Amino acid sequence: MTDYALSLNPTTGEEIARYPFQDGDAIESSLQRSTTALKEWRVTSMEDRVEVLRTLAVRLRERCDELAEMMTLEMGKPIAQARAEVNKCAQVCEWYADNGPAVLAAQPTQVENQQAWQEFRPLGVILAVMPWNFPYWQVLRGAAGMLLAGNTYVLKHAPNVMGCALLLQDVMNTVGFPEGTFELLNVTNEGVSALIKDPRVAAVAVTGSVGAGAAIATQAGAALKKTVLELGGSDPFIVLADADLDEAVKAAVAGRYQNTGQVCMAAKRFIIEAPVAAEFEARFLAAVQALKMGDPLDEANYLGPMARYDLRDELHNQVVETLKQGARLVCGGEKIEGAGNYYAPTILADVSESMTAFRQEIFGPVAALITAKDADHALELANNSEFGLSATVWTADETVADHFALTLETGAVFINGYGASDPRVTIGGVKKSGYGRELNHFGLHEFCNIQTVWRNRR
């Protein structure tokens with residue numbers, strides 16, 4: 001094991017930088033700063049906290065090009081999508097600035113002869129373990145609310161996007177937070193374990209793989225620390241026979257190939273009702289073949305390289321296994337020769353429930369097509385998964401759509417649309433996709449001490 005985090009350009013394979021892992025002294029210093037900042041930040045007025053979030057939104061937009069380019073260089077996100085991510089981060093800060101104070105306001109209740117009210121206090125120092133695929137959005141969609149509530153925040157980011165993490169820290173240090181309110185640590189798994197065990201850390205937020213989430217939740221449970229987990233997904237994209245195929249295909253392409261398919265809450269298992277399966281496949285193939293792949297800094301390209309070569313190898317192995325199990329290759333299915341971690345946009349058809357592409361999360365530009373006999377069979381196939389992040393249903397029948405929404409075992413259901421996240425509604429999963437919620441008032445309250453205050457009026 002190396003003693004540094006390595007940042008490689010996935011487009012060229014060239015090294016960008018090495019970032020030495022920090023030791024126990026660095027962890028101690030960071031926690032000291034966080035706990036000191038907490039004493040000040042938790043009693044800072046809501047008006048002042050709101051102003052800091054508004055300033056943060058301004059700074060993010062001012063430095064959008066710089067932030068986006070670093071993301072593209074480190075993990076290969078096409079530049080237009082990278083800029084959109086930065087702007088979305090600014091928007092979530094503004095939403096919490098506009099709406100958070102009301103969500104965090106005391107809720108009074110008269111209880112017989114006593115006055116009682118619920119107060120939303122900060123929990124304390126929050127540890128966040130975040131992934132590389134949305135290196136700013138994954139951080140700020142949680143951090144904005146946590147910080148507004150008066151918590152302080154310690155970020156352990158993915159090793160391959162430490163340049164992004166440092167750039168974000170630089171932005172955060174310019175907007176008016178007390179020193180230590182937002183801390184960044186570049187540590188190993190052992191360092192994460194030490195942070196979880198430390199009594200100064202109050203709770204842990206994780207976005208990542210099922211394995212990482214389970215390991216961290218186990219340690220946090222042993223330390224009696226709250227966790228919120230947003231983990232993997234194998235989201236079904238269901239197309240029934242009465243669906244608008246033109247719109248469904250457009251959504252299917254965006255839902256699967258955005259960010260080169262490296263999205264947790266994304267269309268992955270395409271469950272198509274038999275009467276339209278062949279037509280959907282033909283239209284989907286034509287749309288996928290029209291996508292442009294290449295240098296992610298070129299505005300014309302929708303697909304870039306995968307973030308790491310090992311992830312590309314893992315994806316290719318899943319494709320090969322699925323083909324050996326009897327699936328049919330419609331297009332792609334190969335690593336592209338030359339520099340960079342490029343993988344051809346791929347469609348696998350005739351996928352069945354026992355195959356790898358059905359059972360496992362496919363994290364890359366690969367779509368699995370599954371044929372359902374009828375609507376009931378489609379619903380059965382959709383729920384036959386250990387994951388439960390989101391699902392999409394395309395149908396012209398509102399009654400059928402409502403039945404699917406009622407019955408699907410997922411944290412979100414999109415009817416005649418595809419995966420999206422917005423601060424006005426929650427994001428989160430069930431089953432092995434995790435627990436707890438981010439965004440909206442539910443997410444804001446996750447990292448609050450919901451304190452009941454009683455006053456005897458006698």
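Which residue of β2 does Ser7 stand opposite? Ser7 stands opposite Ala17 in that strand. The structure is a predicted model, in which local features need pLDDT of at least 70 and side-chain atom pairs count only at pLDDT 80 or more, while totals for chains, interfaces and linings use all residues. Residues are numbered from 1 along each chain as its sequence is written, and side-chain values use heavy atoms, with hydrogens and water left out.

Helices (H or I, at least four residues) and strands (E, at least two) are DSSP runs numbered from the N terminus, and two strands pair if DSSP finds at least two bridges between them. Strand β1 (residues 4-8) pairs with strand β2 (residues 15-20) in the antiparallel sense over five bridges. The two strands form a hairpin with six residues between them. In the turn, Gly13 has a positive phi of about 80°.

According to the UniProt annotation, from an unreviewed entry, residues 7-453 are covered by "domain: Aldehyde dehydrogenase". UniProt positions are given in the numbering used here, feature names are shortened, and annotations may be inferred rather than shown by experiment. Over residues 7-453, helix makes up 42% of the chain and strand 21%. The end C-alpha atoms of this stretch are 49 Å apart.

One open sheet has seven strands in the order β12-β13-β14-β11-β10-β16-β17, with mixed pairing. Its edge strands, β12 (328-331) and β17 (412-415), each pair on one side only. On average, neighbouring strands of this sheet are turned by 25° against each other, direction ignored. Within the sheet, strand β10 (residues 235-239) and strand β16 (residues 390-394) are paired in the parallel sense over three bridges. Ile238 has Val393 as its bridge partner in β16.

Another open sheet contains six strands in the order β7-β6-β5-β8-β9-β19, and its pairing is mixed. At the edges stand β7 (182-184) and β19 (434-435), each with a single partner strand, so one side of each is left without a neighbour in the sheet. Strand β6 (residues 152-156) and β7 run parallel and are joined by three bridges. Val154 has Glu183 as its bridge partner in β7. Helix α5 (residues 137-148) packs on the sheet and touches β5 (125-129), β6, β7, β8 (201-207) and β9 (226-230); contact means heavy atoms within 4.5 Å. The direction of α5 makes about 160° with that of β6.

For the helix pairs, axes are lines fitted to C-alpha atoms over the stretch in contact, and angles run from 0 to 180 degrees between N-to-C directions. Angles under 35 degrees count as roughly parallel, over 145 as roughly antiparallel, 65 to 115 as roughly perpendicular and the rest as oblique. A crossing is left-handed if the near helix is turned anticlockwise from the far one by less than a right angle, and right-handed if clockwise.

Helix α2 (residues 46-62) and helix α4 (residues 79-103) cross at roughly 165°, and their axes come within 8 Å. This angle makes α2 roughly antiparallel to α4. Their crossing is left-handed. Among the contact residues are Met46, Val50 and Leu53 of α2 and Val86, Asn87 and Cys89 of α4. The contact comprises 13 nonpolar, two polar and four charged residues. In this division Ala, Val, Leu, Ile, Met, Phe, Trp, Tyr, Cys and Pro count as nonpolar, Asp, Glu, Lys and Arg as charged, and the others, Gly among them, as polar.

Helix α2 also packs with helix α6 (residues 162-172), at an angle of about 130° and with the axes 10 Å apart. The two helices are therefore oblique to each other, and their crossing is right-handed. Leu56, Arg59 and Leu60 in α2 meet Leu168, Val171 and Met172 in α6. Five residues of this contact are nonpolar, none is polar and one is charged.

Helix α13 (residues 375-383) packs with helix α14 (residues 398-407) at an angle of about 25°, the axes being 11 Å apart. That makes α13 roughly parallel to α14. The crossing of α13 with α14 is right-handed. Ala375, Leu379 and Asn383 of α13 make the contact with His403, Phe404 and Thr407 of α14. These residues divide into three nonpolar, three polar and no charged.
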